[in-house]
Amino acid sequence: MIRTGIGYDLHRLADGRKLMIGGVAVPFDKGPVGHSDGDVLAHAICDAVLGAAGLGDIGTHFPDTDPKWKGASSLRFLEVLPAMLRKKRERIANIDAVVICERPKLGPHFPAMRDLLARALGIHPEQINLKAKTNEGVDAVGRGEAIAAYAVVTLESTASVQRSARRSTRGKSR
Ligand code: MG
């Protein structure tokens with residue numbers, strides 16, 4: 001049994017704010033406006049995981065009205081997810097994500113982002129694939145006024161893994 005979830009996020013960019021993406025502070029003169037650190041990649045992944053698990057969305061679990069999450073590292077949202085998945089007997093198979101911004105270049109930061117995201121989620125960096133796109137100068141993202149991210153997450157049920165393991169042990173004993 002596999003389940004898939006999609007996540008999307010966009011934040012406006014403003015001068016003099018830290019550009020946090022995938023837990024990495026990327027050197028740039030603008031950063032996202034947001035209640036937390038405005039990490040679009042972490043937010044999109046969080047929503048994709050919650051969606052795949054049938055657990056609603058990021059706003060329900062980490063409301064931006066809660067002072068607890070003001071200025072919080074968005075990796076903290078991701079760190080909560082493994083326990084929620086265990087309760088549902090699900091685990092992350094893989095994550096694929098796209099970050100969209102005109103500048104700066106993100107590719108050089110992907111290895112660090114994958115490491116941090118994987119550690120927060122309790123998975124291996126190889127289970128995470130990251131891609132960067134520009135918006136070809138079109139719309140708010142293309143004008144450099146915003147940054148966006150999409151993520152798709154696939155979960156696999158650990159219940160079926162346990163069942164098939166039990167089945168194969170029974171088969172051997174016969
Ligand atoms: Mg967000």
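These entries record what I looked up in a predicted model.

**Entry 1: the metal site.** I began with the magnesium ion and its protein donors. I found Asp 9 (OD), His 11 (NE2) and His 43 (ND1), lying 2.2 Å from the ion. Along the sequence, the donor residues follow the spacing D-x1-H-x31-H. I noted that His 11 sits in strand β1 (residues 2–15) and His 43 in helix α1 (residues 40–52), so that the pair, 32 residues apart, links distant parts of the chain. I then checked exposure: both His 11 and His 43 are buried.

**Entry 2: two helices.** I turned to helix α3 (residues 75–87) and helix α4 (residues 110–121), whose axes come within 7 Å and cross at roughly 40°. That angle makes α3 oblique to α4. On the α3 side I listed Leu 75, Leu 78, Glu 79, Leu 81 and Pro 82, and on the α4 side Leu 116, Leu 117, Ala 120 and Leu 121. By class, this contact has 8 nonpolar, no polar and 1 charged residues.

**Entry 3: the cores.** I next examined the largest nonpolar core, which has 46 residues; Ile 21, Leu 41, Ile 45, Leu 78 and Ile 92 touch the most other members. Among the elements that give two or more residues to this core are α1, α3, α4 and β5 (90–100). Its largest share, 10 residues, comes from α1. I followed Leu 78 further: beyond its neighbours within four places in sequence, Leu 78 is in contact with Ala 42, Ile 45, Cys 46, Leu 117, Ala 120 and Leu 121. Apart from the largest core I recorded another, of 5 residues, including Ile 100, Val 141, Ala 146 and Ala 148.

Key
Residues numbered from 1 in each chain as written. Predicted model: local features only at pLDDT ≥ 70, side-chain atom pairs only at ≥ 80, totals over all residues. Heavy atoms only, no water. Donors = N, O, S within 2.8 Å, 3.2 Å for Na, K, Ca; no water. Helix = DSSP H or I, 4+ residues; strand = E, 2+ residues; numbered from the N terminus. Buried < 20%, exposed > 50% of the residue type's maximum accessible area, 1.4 Å probe, protein only. Axes fitted to C-alpha atoms, helices over the stretch in contact; angles between N-to-C directions. Parallel < 35°, antiparallel > 145°, perpendicular 65-115°, else oblique. Contact = heavy atoms within 4.5 Å. Nonpolar A, V, L, I, M, F, W, Y, C, P; charged D, E, K, R; others polar. Core = buried A, V, L, I, M, F, W, Y, C linked by side-chain atoms within 4.5 Å.
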